[in-house]
Amino acid sequence: MTRLSPTDLSDLTALRRDLHRHPEISRQEAATAARIAAELRDLGIDTVTEGLGGHGVAGVIDGAAPGPTVLLRCELDALPIAETGNAPWRSTIPGKGHLCGHDGHMVTMLGAARLLLRDRPAHGRVVLMFQPAEEDGSGAIAVCNDPRFAAIAPDWAFALHNEPDIARGIAHIPDGLASAASVGLHIALSGAEAHACAPETGMSPGPAMAALMTALPAMSSGMFPQANYRLVTLTHAAMGAPAFGIAPGQGSLYITCRTTSDVSLATLVDEARARAEETATAHKLTCQITEHDAFLAGINDPRAAHILREAARTAGLDAIPGLPLRASEDFGRFGHDCPSAMMLLGAGPGPALHNPDYDFDDTLIAPGAQTLVNAVHAVTIEHDGTADL
């Protein structure tokens with residue numbers, strides 16, 4: 001088995017830390033994408049396609065003979081969160097940081113690329129997909145809807161995500177649910193402003209907002225990952241102008257709805273919309289609701305999950321079905337068209353994902369890359385009829 005050398009790992013670690021210094025948020029990943037495309041070309045990737053679904057980059061490695069297309073996917077984007085860590089490679093961009101590990105996922109994929117170029121699959125081809133805009137849920141669907149994606153559409157798809165809640169050396173690869181479905185609702189309430197001395201002459205959204213800030217989260221029920229799990233999280237609230245002489249006329253609430261299936265999410269969203277509209281009507285307000293950051297449930301195909309667990313074990317990880325992510329991940333979009341599976345690679349203990357002091361653990365690069373490569377070879381060997389998966 002070909003493995004990453006100490007020189008490989010030194011190069012990849014240095015690149016990861018440089019990417020960490022220069023984070024770009026969703027739909028703004030132009031420089032990151034250009035850097036990745038250049039790295040792929042320097043490695044000698046057979047074909048590099050840029051600008052997929054925005055700033056997406058796809059590198060194709062051809063096998064020796066026809067066979068299945070295996071897509072390996074990682075993410076390009078960072079978060080609009082100010083980093084508070086003290087590492088020498090901390091973010092140089094105010095208010096932005098690679099605080100979910102996508103910098104590490106990118107170099108893990110580049111590590112897999114090095115290995116696959118040294119030991120190409122016997123059959124088929126590998127698509128290395130560096131996807132934009134995962135954090136807001138718009139990237140995977142944009143990539144899949146790009147007309148050029150049809151030429152590299154996969155027969156199998158695999159991905160990984162580091163997970164600080166899981167101990168190092170452990171990998172959770174569930175059958176079925178791998179990540180929750182979710183969507184954000186922006187509820188805008190409109191009444192009429194008034195002088196603060198005569199609030200009765202206006203129509204304040206305050207009472208309605210107060211009611212909704214209690215009622216909407218109360219719609220939560222069940223324990224994750226049970227089928228009846230529903231979570232409504234209030235993430236933002238704002239009302240009126242920051243002034244003492246004006247009674248407010250406008251209010252805004254942001255909530256996130258989360259469930260374990262796309263069907264149950266649609267039901268929860270309908271109920272939340274109805275509650276908001278009924279409350280607005282009762283308080284003589286107008287109500288406008290828009291949806292944002294929509295994520296499909298990530299569903300691991302049992303066949304793909306089995307392949308990935310065996311690939312992880314061969315890479316030296318303790319791979320078990322484990323638990324899915326309560327968070328959402330738009331890799332699930334790729335799984336609607338082919339068997340797919342995501343691995344949750346243990347990175348703990350340490351700061352949680354999206355925490356301002358989070359940093360990717362560089363020791364995950366080698367086992368992560370090896371697992372992805374092992375999965376590719378398992379699929380292509382099975383295609384040749386020499387393995388029974």
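Is C74 buried or exposed? In this predicted model, C74 is buried, with a relative accessible area of 2%. The residue lies in strand β3, which spans residues 65-75. This strand as a whole is mostly covered, since eight of its eleven residues are buried.

Strand β3 belongs to an open sheet of eight strands, arranged in the order β1-β2-β4-β3-β5-β16-β6-β15 with mixed pairing. The edges of the sheet are formed by β1 (47-52) and β15 (318-320), each of which pairs on one side only. Averaged over the sheet and with direction ignored, neighbouring strands are turned by 25° against each other.

Within this sheet, β3 is flanked by β4 and β5. Eight bridges join β3 to β4, and the two strands run parallel. At the level of individual residues, R73 of β3 stands opposite M129 in β4. The chain passes from β3 through α3 to β4 in a β-α-β crossover that is right-handed. On the β5 side, the pairing with β3 is likewise in the parallel sense and extends over four bridges. Here the bridge partner of R73 is A159. Residue R73 is thus matched with M129 in β4 and with A159 in β5.

Strand β4 (residues 123-131) also pairs with β2 (residues 56-62), and in this case the strands run antiparallel, joined by six bridges. A58 has M129 as its bridge partner in β4. M129 therefore recurs in both pairings of β4, facing A58 on the β2 side and R73 on the β3 side.

The helix of the crossover, α3, comprises residues 102-118 and lies across four strands, namely β2, β3, β4 and β5 (156-167). Relative to β3, helix α3 runs at about 155°.

The cysteines were examined for covalent links. A disulfide is a covalent bond between the sulfur atoms of two cysteines. A search of the whole structure finds zero disulfides. For C74, the closest cysteine sulfur is that of C100, at 12 Å, which is too far for a bond, given that a disulfide requires the two sulfur atoms to lie within 2.5 Å. The surroundings of the cysteines vary in solvent accessibility: C74 is buried, with a relative accessible area of 2%, whereas C197 is exposed, with a relative accessible area of 61%.

Definitions and conventions
Residues are numbered from 1 along each chain as its sequence is written. This is a predicted model: local features need pLDDT of at least 70, side-chain atom pairs count only at pLDDT 80 or more; totals for chains, interfaces and linings use all residues. Side-chain values use heavy atoms; hydrogens and water are left out. Axes are lines fitted to C-alpha atoms, for helices over the stretch in contact, and angles run from 0 to 180 degrees between N-to-C directions. Contact means heavy atoms within 4.5 Å. Buried means under 20% relative accessible area, exposed over 50%, partly exposed in between (1.4 Å probe, protein chains only). A crossover is right-handed if, with the strands pointing away from the viewer, the path from the first strand over the helix to the second runs clockwise.
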